[in-house]
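Work through the following exercises with the model at hand. Each task is followed by a solution in steps.

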Amino acid sequence: MIRACIFDLDGVIVDTAKYHFIAWRRLANELGFDFTEEKNEQLKGVSRMDSLDLILEWGGVEKSQEEKEALAEKKNSWYREYILDMDDSEILEGVMPFLNNLEERGIRKAIGSSSKNATTIIEQIGLKARFEAIIDGNKLTRSKPDPQVFQLGADVMALQPKECIVFEDAERGVDAALAGDFYAVGIGGDNLSHAHAVVPDFVGRTFEDILAQLPEAANQ
Ligand code: B16
Ligand code: MG
């Protein structure tokens with residue numbers, strides 16, 4: 001029986017991918033190369049340092065560990081300028097009614113994000129009090145597709161994976177949920193067909209609608 005929903009943040013509750021893209025692209029341009037928004041898709045759900053490694057590889061640039069840490073810090077300071085301007089108007093359409101619907105049903109809620117900035121973002125958009133657990137990148141030792149982020153969320157709520165639905169917009173995020181034995185629902189995007197169900201967004205959707213798309217066992 002499902003008792004909780006665990007939400008990825010970037011791409012599920014808010015669209016911060018656009019801010020990550022602007023900041024990473026600015027860094028790449030400073031290093032003398034560029035990359036496209038399609039390439040940026042590959043960075044969804046990927047940790048900061050792993051994202052930097054991929055971007056440097058695309059640009060054919062090699063840097064020492066110390067230089068990489070300085071570059072990641074620079075990108076993060078630009079990124080934080082954007083997120084510190086965010087407010088509740090950036091919550092994706094359909095999310096608020098869906099959270100309300102879960103609360104009416106007594107379904108518990110947590111955030112499971114790779115981002116070290118997740119708690120700041122949740123505070124900026126005024127949703128902190130709505131989640132029982134916020135697992136962010138600061139609490140993680142392993143990146144998605146490792147299931148650690150969702151396992152920690154389930155642990156805080158003292159629930160088993162099969163009592164939780166994970167909502168994810170990234171292929172690696174769905175991989176992580178499945179690796180941890182959670183029910184996985186893909187939001188939007190391509191490359192999510194391995195999830196138990198995929199929906200374009202939360203608009204007009206209730207908990208019952210989602211349950212109806214999951215395997216029989218989730219409904220018992
Ligand atoms: P930060 P999610 C992920 O968040 C983003 O999708 C990914 O693009 C980003 O690189 C990662 O967080 C780390 O973010 O630099 O803020 O620690 O989708 O897992 O909520
Ligand atoms: Mg995401």
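A residue counts as near a molecule if one of its heavy atoms lies within 4 Å of it. The model used here is predicted.

**Exercise 1.** Determine how many residues surround ligand 1, and how they divide into nonpolar, polar and charged.

Solution.
- Step 1: Applying the 4 Å cut-off, the shell of ligand 1 comes to 17 residues.
- Step 2: The closest of these are V46, S113, S115, K116 and N117.
- Step 3: Sorted by class, the shell holds four nonpolar, seven polar and six charged residues.

**Exercise 2.** Find which polar atoms of R48, S114 and S115 lie close to oxygen atoms of ligand 1, using a limit of 3.5 Å for a pair of N or O atoms.

Solution.
- Step 1: For R48, a polar side-chain atom is 2.8 Å from a ligand 1 oxygen.
- Step 2: For S114, the partner is a polar backbone atom, at 2.8 Å from an oxygen of ligand 1.
- Step 3: For S115, an N or O atom of the side chain lies 2.6 Å from a ligand 1 oxygen.
- Step 4: Ligand 1 on its own has 470 Å² of accessible area, and the protein covers 97% of this.
- Step 5: The site of ligand 1 is the largest pocket.

**Exercise 3.** Relate ligand 1 to the domains of the chain.

Solution.
- Step 1: The chain splits into domain 1 (4–15 + 88–219) and domain 2 (17–83).
- Step 2: Taken over C-alpha atoms, the centres of domain 1 and domain 2 are 25 Å apart.
- Step 3: Contact between the domains involves 14 residues of domain 1 and 16 residues of domain 2.
- Step 4: Domain 1 and domain 2 each supply at least three residues to the shell around ligand 1.

Conventions:
Residues are numbered from 1 along each chain as its sequence is written. Chains are lettered from A and ligands numbered from 1 in the order in which they are written. This is a predicted model: local features need pLDDT of at least 70, side-chain atom pairs count only at pLDDT 80 or more; totals for chains, interfaces and linings use all residues. Side-chain values use heavy atoms; hydrogens and water are left out. A polar contact is a pair of N or O atoms within 3.5 Å; within protein, one must be able to donate a hydrogen and the other to accept it, and residues adjacent in sequence count only if both atoms are side-chain atoms. Accessible areas come from the Shrake-Rupley method with a 1.4 Å probe; for residues, only the protein chains shown count as cover. On a 1 Å grid over the protein atoms alone, a cavity is a set of points where a 1.4 Å probe fits but cannot get out, and a pocket is an open set with protein on both sides within 12 Å along at least five of seven lines; lining residues have an atom within 4 Å of a point. A molecule sits in a cavity or pocket if more than half of its atoms lie within 2 Å of its grid points. Ala, Val, Leu, Ile, Met, Phe, Trp, Tyr, Cys and Pro count as nonpolar, Asp, Glu, Lys and Arg as charged, and the others, Gly among them, as polar. Domain bounds come from an automatic or database domain assignment. Contact means heavy atoms within 4.5 Å.
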